[in-house]
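Here is a set of questions and answers on how some helices sit in one model. Look over the sequence and the structure before reading on.

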Amino acid sequence: MAAHRTELSVLREVGTSREGRPLHLLSVGSSARAVLVVAGAHANEPTGGSTLLHLAERTLRDPRLRADTSWHFLLCADPDGASLHRTPAPRSLLDYHRNFFRPAGPEQPEWSPSVLPPDRLPPETRALTAVIDELRPYLQVSLHGTDLGGSWVQLTKDIPGLAEPFAKSAAELHIPVEMGASDAAGWWVSGPGVHVLPGPGATAAYPSLPEDARLTTWHRTHHYGGRTAIVEVPMWASDLVGDPAAHPAPVRAMRALARRLRRDARLVEEILGEALPRLPGAEGPMLRAARWALALVPGLADDWRRLPPAGTSMAYIGSVDAFGRRLPLRAAAMLLRVLDEAGDRAAPRLERLVTLWSEAFAERFRARWVPLEDQVEHQSRTTMAAAWHARAELDRDRTHG
């Protein structure tokens with residue numbers, strides 16, 4: 001793209017990863033008013049890369065999109081993580097998990113500032129914050145995804161008017177809107193599926209979790225009067241996450257989910273404890289990530305048992321159900337890759353767990369594949385709508401200011 005449209009676009013290296021892989025930024029247009037789009041912040045959420053390419057092509061084709069806005073695309077925020085996660089035409093959740101990788105929290109570019117001091121931030125995080133400081137975007141869009149569920153948007157500041165085009169796009173593409181996302185538990189709802197992060201001093205729905213979204217790179221744009229939209233789209237859809245009806249017994253349901261979470265994590269920990277003395281060499285990123293996920297379980301299970309539910313709808317309990325399945329399943333999947341590579345005798349037992357849990361997850365939520373082109377189209381439309389409405393809000397503020 002940059003080679004064929006040199007008058008409109010520039011591709012440059014803005015940093016390197018811990019393992020020396022380049023981080024590339026594609027810029028389209030020259031306006032000082034900037035939108036930054038970030039893909040690949042989570043290695044296990046690959047759709048954003050395809051969406052980013054689609055958006056870059058659109059901005060090059062349509063001069064109206066770059067008339068008063070420059071577009072900047074960080075191609076992959078975590079190339080090291082991307083090299084470890086594989087999704088070769090996944091036909092099922094089992095295919096997805098057999099090749100799964102998601103780094104431990106301190107190694108995730110966007111999340112690391114929430115769990116590490118400034119002097120220990122990874123180079124990918126420093127590169128991303130440097131790009132934000134350079135561009136001062138009025139909007140950053142971080143392209144995320146979920147394995148199974150629905151679509152939703154998280155905002156660091158509200159974008160009035162976004163909820164309507166977001167919901168319309170989801171309906172046209174038959175993608176359910178996640179009405180009670182556990183990731184956004186207790187947040188203010190701007191519209192169906194559109195959640196605004198709480199401000200300083202707000203009580204976290206799950207106090208045990210070490211990360212604080214308000215300390216991530218998402219809030220860096222606030223230094224310059226901007227905001228961030230995190231656009232989530234599912235690989236497999238489930239209509240169960242869109243049910244706003246009241247759950248008949250949310251407290252009992254949350255306690256049951258907490259018991260299952262502890263039980264499943266214990267099964268993985270037992271295999272890890274047995275195999276660990278036999279594993280050769282230093283602890284690598286796959287094992288660090290598995291242990292990080294398992295370490296979250298005790299506190300989270302306590303949160304679910306002790307606290308009143310942050311939501312009481314069928315959709316919210318369903319979202320917590322999915323979250324509780326993901327955490328031990330992901331730990332098991334990454335540990336299985338470690339055991340497979342080492343040829344460890346515990347691998348077959350763990351493989352049975354990964355297979356059973358993946359199939360049960362898909363069956364419980366009646367998973368249906370969302371065609372990649374629909375995932376990309378919905379994420380692209382939502383990004384464009386967020387940019388348009390954020391720009392309109394900026395112009396209104398300046399007029400009244």
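**Helix packing**

α7 and α8 are roughly antiparallel to each other. This is a predicted model, in which local features need pLDDT of at least 70, side-chain atom pairs count only at pLDDT 80 or more, and totals for chains, interfaces and linings use all residues. Residues are numbered from 1 along each chain as its sequence is written, and side-chain values use heavy atoms, with hydrogens and water left out.

Student: Why are α7 and α8 called roughly antiparallel?

Tutor: Helices (H or I, at least four residues) are DSSP runs, numbered from the N terminus, as are strands (E, at least two). Axes are lines fitted to C-alpha atoms, for helices over the stretch in contact, and angles run from 0 to 180 degrees between N-to-C directions. Angles under 35 degrees count as roughly parallel, over 145 as roughly antiparallel, 65 to 115 as roughly perpendicular and the rest as oblique. α7 and α8 pack with their axes 8 Å apart, and the angle is about 155°.

Student: Which residues of α7 meet α8?

Tutor: Contact means heavy atoms within 4.5 Å. On the α8 side, the residues met include Phe323, Leu327 and Met334. On the α7 side they are Met286, Leu287, Ala289, Ala290, Ala293, Leu294, Leu296, Val297, Leu300 and Trp304.

Student: At what angle do α6 and α8 pack?

Tutor: Helix α6 covers residues 250-275 and helix α8 covers residues 314-342. Their axes are 10 Å apart, and the angle is about 5°. That angle makes α6 roughly parallel to α8.

Student: Which residues of α6 make the contact with α8?

Tutor: The α8 side includes Tyr316, Ile317 and Val320. The α6 side is Pro250, Ala253, Met254, Leu257, Arg260, Leu261, Asp264, Ala265, Val268, Ile271, Leu272 and Ala275.

Student: Is Gly281 buried or exposed?

Tutor: Gly281 lies in the loop between α6 and α7 (285-306). Buried means under 20% relative accessible area, exposed over 50%, and partly exposed in between (1.4 Å probe, protein chains only). Gly281 has a relative accessible area of 72%, so it is exposed.

Student: Which residues of α4 are buried?

Tutor: Helix α4 (residues 123-135) has 13 residues. Among the elements covering its buried residues are β1 (9-16), β2 (22-28) and α2 (79-84). The buried ones are Glu124, Thr125, Ala127, Leu128, Thr129, Val131, Ile132 and Leu135.

Student: Which residue follows α4?

Tutor: The residue after α4 has a positive phi, near 50°. That residue is Arg136.

Methods:
Expected span 1.5 Å × (residues − 1).
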